[in-house]
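Dear colleague,

Please find the structure below, handed over for your own reading. A short account of what was found in it follows.

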Amino acid sequence: MEKLIEYGNIAKNYALQTGDNTYVFYEKEIRVNYLNNLKLETELRSALEKNELSLAYQPQVQVETRAIIASEALLRWNNENLGPVSPEQFIPVAERTDLIIPIGNWVLEEAIKQNKKWYDITNKKIVVAVNLSPIQFKRSDLPQIIKELLEKYQMPAELLEIEITEGILVENMEGTSLQLEKIKALGVKVAIDDFGTGYSSLKYLQNFNFDKLKIDREFIKDYPQHDTGSIAKTILNLAAQMDINVIAEGVETQEQFLFLKENHCQQIQGYYFHKPLSAKDFEMLLTEKITDRVD
């Protein structure tokens with residue numbers, strides 16, 4: 001009977017961990033996954049205090065000039081007990097437990113602080129892009145947080161870009177619109193991340209004044225061997241009609257780069273030019289102390 005109750009509780013708690021309205025039958029794998037998730041959550045709760053979090057920066061390149069015009073701040077976690085932990089593993093845990101709010105605020109502050117440092121060193125207007133979680137977007141006063149951080153570090157608002165997913169827009173169009181208007185009023189840029197993989201409603205493209213669409217790597221990675229590039233081309237044509245800039249992520253080959261260039265994609269992000277870099281290496285890149293391209 002004790003085992004039955006134990007297994008029932010594990011199945012229940014594992015179902016809760018998924019965040020969906022679902023049920024789970026107990027299996028041995030469920031116990032392992034549940035305990036792993038529990039350990040991950042326990043370690044993540046002290047990650048900020050232990051300074052285990054860091055940011056990597058992946059350069060974003062202008063297609064025509066091949067100049068670096070921006071970077072995307074990517075969250076990394078290296079735990080003393082677990083070692084390097086993939087964002088695909090810990091971000092869902094952070095969102096489920098609301099740890100994503102303090103972690104997300106830390107990411108914003110760290111990215112702004114670092115980008116202001118680079119601006120002071122180089123005098124180059126390099127934009128830093130920061131991903132926002134739907135939880136963070138809905139449950140915190142983001143416009144005020146962003147405003148205070150920009151003032152604290154005296155960074156021009158035009159050098160910050162926030163990336164949001166399509167799901168945020170669809171869930172609460174009215175509330176999202178108000179938040180975005182306040183953020184845009186600060187002078188901050190707004191981009192749609194992973195465009196084409198979610199709802200892809202054309203209505204919000206009309207309602208919101210976006211600065212950029214980001215084509216998901218799913219529409220690039222198999223070109224030209226197993227993908228004609230038709231979806232990527234459609235997104236580029238749509239964006240051109242609406243006068244919205246486009247950046248393609250996950251670009252790894254010359255064929256992919258040339259295809260995007262021929263179809264008037266303005267910006268590129270991916271291993272064809274640069275992998276994600278530490279803050280130190282990105283600074284060296286900006287000051288032209290390391291090579292311009294990763295082959």
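**Findings**

Asp193 lies in strand 6, residues 189-195 (strands are DSSP runs of E of at least two residues, and helices runs of H or I of at least four, numbered from the N terminus). This is a predicted model, in which local features need pLDDT of at least 70 and side-chain atom pairs count only at pLDDT 80 or more, while totals for chains, interfaces and linings use all residues. Residues are numbered from 1 along each chain as its sequence is written, and side-chain values use heavy atoms, with hydrogens and water left out.

Asp193 is buried (under 20% relative accessible area, with exposed over 50% and partly exposed in between, using a 1.4 Å probe and protein chains only). Asp193 nevertheless has no salt bridge (a side-chain nitrogen of Lys or Arg within 4 Å of a carboxyl oxygen of Asp or Glu). Lys214, the nearest side chain of opposite charge, is 4.3 Å away (Lys and Arg count as positive, Asp and Glu as negative; His and the chain ends are not counted).

Turning to aromatic rings, there are 10 pairs (rings of Phe, Tyr and Trp, the last by its six-membered ring, with centres within 6.5 Å; planes under 30 degrees apart are stacked, over 60 edge-to-face and the rest tilted). Tyr23 and Phe25 are edge-to-face, because their ring centres are 5.7 Å apart and their planes stand at 90 degrees. Tyr23 is exposed, at 65% relative accessible area, and Phe25 is exposed, also at 65%.

Yours sincerely
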